[in-house]
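Please find below a note on the structure shown here, set out as numbered points for a colleague at the bench.

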Amino acid sequence: MSVSQTLTWQERIREQLQKGRAGAIGLLQEWVREASVQGQEAGIQQKIANHLVEMGLEVDVWEMTGDELEKLEKHAYFVSPRTEFSGSPNVVGVWKGTGGGRSLILNGHVDVVPEGERKQWTQEPFSGEIVDGKLYGRGVTDMKGGNLASLLAIQTLQQLGVRLKGDVIFQSVVEEESGGAGTLSTILRGYKADAALIPEPTNLKIFPKQQGSMWFRLFIRGRSAHGGTRYEGVSAIEKSMTVIRQIQRLEQERNQRMSDPLYAKLPIPIPINLGVIQGGKWPSSVSDLVTMEGRMGVAPGEEMEMAKIEMQAALQKLTEEDEWFVDHPVELEWYGARWVPGEVAMDHPLLARLQELYPSVFGEAAIIEASPWGTDGGLLTKLADTPSIIIGPGVTQVAHYPDEYIVLDDIFACAELFALTLIEWCELAD
């Protein structure tokens, strides 16, 4: 496509997005007012499925129950705190191309984290209120605003009478916040493409790489005694301080190896976070058990099993610092959520298209960095052979926070970029 043709399409796309702006904002407000926390996604997914049907897409709706659940549970990458998924359907809509072009997945999740304490919110958590060009509500940044940008990209091209050669696959999934079971289910159902865009909230930066992460639990044992003669016991709380220092050393060692320039602006590219600590049962007793729970970051290109081995080796070195750990080793358990790391080559053609188109939409060159958190893109890249790039509207700093919001203009700018990318990537049909 020539530059003049691209500019012509851009003008038409931008004009069409403006025509439909009020309706699109109303649709996003509907989505935000659906409090789609885990287990309560059926309402918003039905709304999305209905909209995709109206758009003429081939729509697939399913719950991860029965045979679907059995396939999931047998898969090595399945993780979820849930054992039952009724009321949490996945939705996929396929805009079929005429053939001969590259396909693209637009993947986003509708599950949102709980709103937390109401008193910390200025607006009602699921209000969808608009103030100074910002729409407020839990999940609007993470990531219903990004999902809307994807949908608008398809809808706008349809309204302009565009036909593409390649298929466009819109995925609205559940369970991303718990480790990706929804996207894993789409993969097992056979959905894959030549590439994917995931509009998680990046402040419109482009992330070709994303760290993964795993949850872990540590059991640190002591020996109980009366608090009045605490010297006759061994405090698990005191021993836990030694363990914390060792975890901090491991984090430092792992991050010193990170030389990827895309992580240069992150103070700690792949953190190890200790988020929960519990120990002791009685103020006048020496604690005989401390339990810690945390999250271990995994670098793009790093195998998760190797990261696990490195954690175990670090804990075994505790014996060099304290003989107590020879007979009372720290027990390590991997549990709960897990996000697979992912990366796309810096010379990948989809990344090149995004970088070329970006200045015409935003008036400046794209910022290319690496994601400080995991997404479903790692699963798509690793398991579906679908290289995934993360870019979307939304303010990273307010995801999961009170007064979560999104700048409305950013949604429409992102939709414009996505629409142009679809034309370039999937190719216009004759």
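The points that follow take up the domains, the sheets with their helices, and the pockets.

1. Basis of the note. The model is predicted, and its local features are described where pLDDT is at least 70.

2. Domains. The domain assignment divides the protein into domain 1 (9–210 + 341–426) and domain 2 (212–339). Between the C-alpha centres of domain 1 and domain 2 there is a separation of 35 Å. The two are nevertheless in contact, with 24 residues of domain 1 meeting 18 residues of domain 2.

3. The four-stranded sheet. An open sheet of 4 strands follows the order 10-11-9-12, and its pairing is antiparallel. Strand 10 and strand 12 each have a single partner strand and stand at the edges, so one side of each lacks a neighbour in the sheet. From one strand to the next, the twist averages 20 degrees. Within this sheet, 10 bridges join strand 9 and strand 11 in the antiparallel sense. One pair of bridge partners is L218 with M292, the latter in strand 11.

4. Helices on the four-stranded sheet. Helix 7 (residues 236–256) lies across strand 9, strand 10 and strand 11, and its direction is at about 10 degrees to strand 11. Helix 8 also packs on the sheet, where it touches strand 9, strand 10, strand 11 and strand 12. The direction of helix 8 makes about 150 degrees with that of strand 12.

5. The three-stranded sheet. A further open sheet has 3 strands in the order 4-5-16, again with antiparallel pairing. Strand 4 (130–131) and strand 16 (405–407) are the edge strands, each pairing on one side only. Strand 4 and strand 5 (residues 134–136) are joined by 2 bridges, and L135 in strand 5 is the bridge partner of I130.

6. Helices on the three-stranded sheet. Which helices lie across strand 4, strand 5 and strand 16? Helix 2 (residues 21–33) does so, running at about 25 degrees to strand 5. Helix 12 (residues 408–426) does so as well, running at about 60 degrees to strand 16.

7. The largest pocket. This pocket holds about 810 Å³ of space. Its lining comprises 24 residues, of which E177, R295, W339, W373 and H400 are the closest to the centre. Strand 9 (212–221), strand 10 (272–279), strand 11 (289–298) and strand 12 (331–339) are the elements that each give two or more residues to this lining. By residue class, the lining of the largest pocket contains 9 nonpolar, 9 polar and 6 charged residues. Domain 1 and domain 2 each supply at least three residues to it.

8. The second largest pocket. About 250 Å³ of space is found here. Among the 15 lining residues, Y77, E302, E303, V340 and K382 are the closest to the centre. Two or more residues of the lining come from each of helix 8 (304–316), strand 13 (342–343) and helix 11 (377–383), and helix 8 gives the largest share, 3 residues. The lining of the second largest pocket divides into 5 nonpolar, 3 polar and 7 charged residues. At least three of its residues come from each of domain 1 and domain 2.

9. Points to view together. Helix 8 appears in two settings: it packs on the four strands of the sheet, and it contributes to the lining of the second largest pocket. Strand 9, strand 10, strand 11 and strand 12 likewise belong to the open sheet and give residues to the largest pocket.

Technical notes: Residues are numbered from 1 along each chain as its sequence is written. This is a predicted model: local features need pLDDT of at least 70, side-chain atom pairs count only at pLDDT 80 or more; totals for chains, interfaces and linings use all residues. Side-chain values use heavy atoms; hydrogens and water are left out. On a 1 Å grid over the protein atoms alone, a cavity is a set of points where a 1.4 Å probe fits but cannot get out, and a pocket is an open set with protein on both sides within 12 Å along at least five of seven lines; lining residues have an atom within 4 Å of a point. Grid points are joined across faces, edges and corners, and a volume is the space filled by probe spheres set on the points. Ala, Val, Leu, Ile, Met, Phe, Trp, Tyr, Cys and Pro count as nonpolar, Asp, Glu, Lys and Arg as charged, and the others, Gly among them, as polar. Domain bounds come from an automatic or database domain assignment. Two strands pair if DSSP finds at least two bridges between them. Axes are lines fitted to C-alpha atoms, for helices over the stretch in contact, and angles run from 0 to 180 degrees between N-to-C directions. Contact means heavy atoms within 4.5 Å.
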